[in-house]
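Trainee: I've just opened this structure and I'd like some help reading it. Could we go through it together?

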Amino acid sequence: MRYSALKVLKEGLTGHKGWKPAWRKPDPKAAYDIIIVGGGGHGLAAAYYLAKKFDQKRIAVLEKGWIGGGNVGRNTTIVRSNYMLHENEGFYEFALKLWEKQEQDLNYNTMVSQRGILNLAHTDPQRHAFARRGNSMILNGADAVLLDTAGVRKICPFLNFDDARFPIRGGLWQKRGGTVRHDAVAWGYARAADMRGVDIIENCEVTGFDIKDGVCSGVQTSRGPIKAKKIGVSVAGSSSRVMAMAGMRLPIETHVLQAFVSEGLKPTIPGVVTYGAGHFYVSQSDKGGLVFGGDLDGYNSYAQRGNLPVVEDVCEGGVSLIPMIGKARLLRMWGGLMDMSMDGSPIIDKTHIDGLYFNGGWCYGGFKATPASGFAFAQLLATDVSHDTAKAYRMDRFSKGLMIDEKGQGGQPNLH
Ligand SMILES: Cc1cc2nc3c(=O)[nH]c(=O)nc-3n(C[C@H](O)[C@H](O)[C@H](O)COP(=O)(O)OP(=O)(O)OC[C@H]3O[C@@H](n4cnc5c(N)ncnc54)[C@H](O)[C@@H]3O)c2cc1C
């Protein structure tokens, strides 16, 4: 069923009796050509592009919980392509271009809102670093504008410009960045993949891999064994756990990241704003809530909830940057699992086991990558050739010294 204004009108006039479920609830079959483990944004996008762009058939997505229950429905919805390193910038710009066409492509309102993203600079060296990053973005085909203090004031007059310790010296503005409604992305890809014959199987946990003589030929699940010619693992925060079942130890640690939403306010924050003197980023949802976040909780965990010291730290960052939000009440908060890689960049690669492919290491920036990650993983699964923009995301880059360390932090996953 295609969605359209006419359809909404017709259903509105006839008592909304004609809507069908957005995707089927099939039972697992005994065998598929391709299985994707993990029904988050990346897994669902991969399944969609496999069916749509790479003409693959007999595809299943196996999800241990429900669609939208993982990080895809827990993030702060920010999309952007403001990276500096060539290996990252091309990939994230590819993603942003796919976001720009996503709603028409999926026939689904994912609320893509290119309201802009503003990274604030509080020192001259920070502004110089932003100039360098902006040049790199432009060379890779993205948009970037370096702002002075007056330029920032025009966009966000309510910021704390004259803070004695961290005055605002300017910022890097990417107009095409913004937000996308996170769980709608999962629903949109699930529906569009289902329409192309993909079986989306919820409540189906993968509990083991059938590996013999270096070849993976299927998975064990909570709903029985399933055979497949190729298996792609895309489980984000559960990457280390799931790949351990295939005997692999990944260069990834899982950490908790929290997100926060305030009570609804009148339109205040025009786009996404990130603080350059602390870890705080904020946007405003269409319902009026301020959606914000900060740093990781700082220790390894698989628990999808966070702790109070980080709540305090994030709120302090927010109030020092935008003093007026001290009056807003915090409505809710939650945590998600971050698959933090050692250099802060992702992995999209085959493994040393034939038929087993891996997509992960998204750290806390994987939502914005969703369409490009799905596309690149689909291409790899269908053709065994990496997508041009994802060639550097190899699994062996750590042993070969080819790290993609965007922040220059070294091998400390919690700092990326
Ligand atoms: C609080 C927070 C804020 C964030 N903010 C941003 C942001 O603003 N911008 C941005 O770009 N990124 C952000 N991120 C990161 C982003 O959400 C993730 O990197 C991205 O969603 C991960 O990919 P995914 O959607 O496929 O993950 P998920 O939705 O987590 O999908 C993985 C799925 O695998 C399933 N799974 C796990 N184990 C198994 C198994 N054994 N069998 C079957 N299924 C299994 C899980 O149930 C899960 O549904 C944020 C994350 C959090 C938590």
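**A guided look around**

Mentor: Sure, and let's begin with the ligand: by class, its shell holds 13 nonpolar, 21 polar and five charged residues. Here Ala, Val, Leu, Ile, Met, Phe, Trp, Tyr, Cys and Pro count as nonpolar, Asp, Glu, Lys and Arg as charged, and the others, Gly among them, as polar. Keep in mind that this is a predicted model, where local features need pLDDT of at least 70, side-chain atom pairs count only at pLDDT 80 or more, and totals for chains, interfaces and linings use all residues. Residues are numbered from 1 along each chain as its sequence is written.

Trainee: How many residues surround the ligand, and which are the closest?

Mentor: A residue is near a molecule if its C-beta atom, placed from the backbone, lies within 6 Å of it. Here 39 residues surround the ligand, and the closest are Gly-38, Gly-40, Gly-70, Gly-336 and Gly-366. Helix H2 (41-52) and strand S12 (252-264) each supply at least two shell residues. Helices (H or I, at least four residues) and strands (E, at least two) are DSSP runs, numbered from the N terminus.

Trainee: Where does the ligand lie relative to domain 1 and domain 2?

Mentor: Domain bounds come from an automatic or database domain assignment. Both domain 1 (23-77 + 182-251 + 343-415) and domain 2 (111-178 + 253-341) give residues to the shell, so the ligand lies between them.

Trainee: What does strand S2 pair with?

Mentor: Two strands pair if DSSP finds at least two bridges between them. S2 (residues 59-62) pairs in the parallel sense with S1 (residues 31-37) over four bridges, with Val-37 opposite Leu-62. The chain crosses from S1 through H2 to S2 in a right-handed β-α-β crossover; that is, with the strands pointing away from the viewer, the path from the first strand over the helix to the second runs clockwise. S2 also pairs in the parallel sense with S8 (residues 199-201), over three bridges, and Ile-200 is the bridge partner of Val-61.

Trainee: Is helix H9 mostly covered or hardly covered?

Mentor: Call a residue buried if 20 or more other C-beta atoms lie within 10 Å of its own, exposed if 12 or fewer, and partly exposed in between, with C-beta atoms placed from the backbone. H9 is mostly covered, with 12 of its 14 residues buried, including Phe-375 and Leu-380. Helix H1 (residues 5-13) is hardly covered: its count of buried residues is zero.
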